[in-house]
Amino acid sequence: MFHGFRYLCDRIRNENTYWRCELCSTCPGRASQKGAGEPTVTSPHNHEPDEQRNKAEQFKTTLKRRIREDSAPIRKIFRSEL
(Lines give C-alpha, C1' and ligand atoms only; values in the text may rest on other atoms or scores of the structure.)
Protein backbone atom coordinates (compact mmCIF):
# COMPACT_ATOMS: atom_id res chain seq x y z
CA MET A 1 0.00 0.00 0.00
CA PHE A 2 1.25 3.45 -0.91
CA HIS A 3 -0.92 6.58 -1.00
CA GLY A 4 -4.07 4.45 -0.95
CA PHE A 5 -3.08 2.28 -3.92
CA ARG A 6 -2.02 -1.34 -3.79
CA TYR A 7 1.13 -2.32 -5.68
CA LEU A 8 2.73 -5.60 -6.71
CA CYS A 9 6.46 -6.08 -6.91
CA ASP A 10 7.36 -5.94 -10.60
CA ARG A 11 11.13 -6.51 -10.36
CA ILE A 12 14.17 -5.99 -8.15
CA ARG A 13 17.44 -4.80 -9.61
CA ASN A 14 20.44 -4.25 -7.34
CA GLU A 15 18.99 -2.12 -4.51
CA ASN A 16 16.06 -0.76 -6.55
CA THR A 17 12.55 -2.20 -6.36
CA TYR A 18 10.00 -1.46 -9.07
CA TRP A 19 6.29 -1.67 -8.28
CA ARG A 20 3.22 -1.79 -10.53
CA CYS A 21 -0.43 -1.17 -9.74
CA GLU A 22 -2.39 -4.29 -8.81
CA LEU A 23 -4.75 -3.41 -11.68
CA CYS A 24 -1.84 -3.65 -14.13
CA SER A 25 -4.00 -4.88 -17.00
CA THR A 26 -5.87 -1.54 -17.10
CA CYS A 27 -3.74 0.92 -15.08
CA PRO A 28 -0.27 2.27 -15.92
CA GLY A 29 0.42 3.21 -12.27
CA ARG A 30 4.02 2.52 -11.22
CA ALA A 31 6.40 3.37 -8.40
CA SER A 32 10.07 2.81 -7.69
CA GLN A 33 11.98 2.48 -4.44
CA LYS A 34 15.70 2.84 -3.81
CA GLY A 35 16.89 0.57 -1.00
CA ALA A 36 14.77 0.96 2.13
CA GLY A 37 13.78 4.51 1.20
CA GLU A 38 10.31 5.89 0.53
CA PRO A 39 8.79 4.84 -2.82
CA THR A 40 8.18 7.50 -5.47
CA VAL A 41 5.38 7.38 -8.03
CA THR A 42 6.86 7.22 -11.52
CA SER A 43 3.63 6.84 -13.50
CA PRO A 44 0.20 8.06 -12.31
CA HIS A 45 -2.88 5.87 -11.92
CA ASN A 46 -5.94 6.21 -14.14
CA HIS A 47 -8.37 5.40 -11.31
CA GLU A 48 -9.15 6.40 -7.73
CA PRO A 49 -8.02 4.32 -4.72
CA ASP A 50 -10.55 1.68 -3.64
CA GLU A 51 -10.95 2.47 0.07
CA GLN A 52 -13.41 -0.39 0.73
CA ARG A 53 -11.07 -2.98 -0.76
CA ASN A 54 -8.09 -1.52 1.10
CA LYS A 55 -9.95 -1.77 4.41
CA ALA A 56 -10.98 -5.36 3.69
CA GLU A 57 -7.41 -6.37 2.75
CA GLN A 58 -6.03 -4.66 5.86
CA PHE A 59 -8.59 -6.51 8.02
CA LYS A 60 -7.62 -9.87 6.50
CA THR A 61 -3.90 -9.19 6.89
CA THR A 62 -4.29 -8.18 10.54
CA LEU A 63 -6.52 -11.17 11.25
CA LYS A 64 -4.06 -13.64 9.69
CA ARG A 65 -1.15 -12.15 11.64
CA ARG A 66 -3.06 -12.38 14.94
CA ILE A 67 -4.08 -15.99 14.25
CA ARG A 68 -0.42 -16.94 13.61
CA GLU A 69 0.90 -15.14 16.69
CA ASP A 70 -1.90 -15.53 19.26
CA SER A 71 -2.77 -18.77 21.04
CA ALA A 72 -6.43 -17.78 21.59
CA PRO A 73 -9.16 -19.63 19.66
CA ILE A 74 -9.67 -18.37 16.12
CA ARG A 75 -13.32 -17.53 16.73
CA LYS A 76 -12.38 -15.32 19.68
CA ILE A 77 -9.67 -13.50 17.66
CA PHE A 78 -12.11 -12.94 14.79
CA ARG A 79 -14.77 -11.48 17.06
CA SER A 80 -12.29 -9.18 18.77
CA GLU A 81 -11.11 -7.87 15.38
CA LEU A 82 -14.66 -7.14 14.27
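## Confidence of the model

Among the elements of the chain, helix α2, which spans residues 74-81, has the lowest mean pLDDT, at 85, while β3 has the highest, at 94. The structure described in this report is a predicted model. Over the chain, the mean pLDDT is 89, and 100% of the residues reach 70 or more.

## Overall architecture

The secondary structure consists of two helices and four strands. Along the sequence, these elements follow the pattern β-β-β-β-α-α. The radius of gyration of the chain is 16 Å, whereas the globule rule gives 12 Å for 82 residues; the chain is therefore more spread out than a compact globule.

The extent of the chain can also be described by a box along its principal axes: the C-alpha atoms fill roughly 45 × 30 × 20 Å. The accessible surface comes to about 6,400 Å², and carbon and sulfur atoms account for 50% of that area. Of the 82 residues in the chain, 21% are buried. Contacts along the chain may be considered as well: among those between residues at least 6 apart in sequence, 21% join residues at least 24 apart.

## The four-stranded sheet

The four strands form an open sheet in the order β1-β2-β3-β4, and their pairing is antiparallel. Its edge strands are β1, at residues 7-13, and β4, at residues 40-43, each of which pairs on one side only. On average, neighbouring strands of this sheet are turned by 30° against each other, with direction ignored.

At one edge of the sheet, β1 pairs with strand β2, residues 16-21, in the antiparallel sense over six bridges. Within this pairing, Arg 13 stands opposite Asn 16 of β2. The two strands form a hairpin with two residues between them. In the turn of this hairpin, Asn 14 has a positive phi of about 55°.

The other edge strand, β4, pairs with strand β3, residues 30-34, in the antiparallel sense over three bridges. Here the bridge partner of Arg 30 is Ser 43, a residue of β4.

## Two buried residues

Phe 2 lies in the segment before β1. The relative accessibility of Phe 2 is 10%, and because buried means under 20%, this residue counts as buried. Leaving aside neighbours within four places in sequence, Phe 2 is in contact with Tyr 7, Glu 38, Pro 39 and Val 41. Of these partners, Tyr 7 falls within the range of β1 and Val 41 within that of β4. A further distance relates Phe 2 to a residue far along the chain: Ile 77 is 75 residues away in sequence, and the C-alpha atoms of the two are separated by 27 Å. Ile 77 falls within the range of helix α2.

Asn 54 is located in helix α1, which covers residues 51-69. With a relative accessibility of 9%, Asn 54 also lies under the 20% cut-off and so counts as buried. When neighbours within four places in sequence are left aside, the contacts of Asn 54 are with Met 1, Gly 4 and Arg 6.

Terms used: Residues numbered from 1 in each chain as written. Predicted model: local features only at pLDDT ≥ 70, side-chain atom pairs only at ≥ 80, totals over all residues. Heavy atoms only, no water. Pairing = 2+ DSSP bridges. Axes fitted to C-alpha atoms, helices over the stretch in contact; angles between N-to-C directions. Rg over C-alpha atoms; globule rule 2.2 N^0.38 Å. Buried < 20%, exposed > 50% of the residue type's maximum accessible area, 1.4 Å probe, protein only. Contact = heavy atoms within 4.5 Å. Areas by Shrake-Rupley, 256 points an atom, 1.4 Å probe, with all protein chains shown as cover. pLDDT = per-residue confidence, 0-100.
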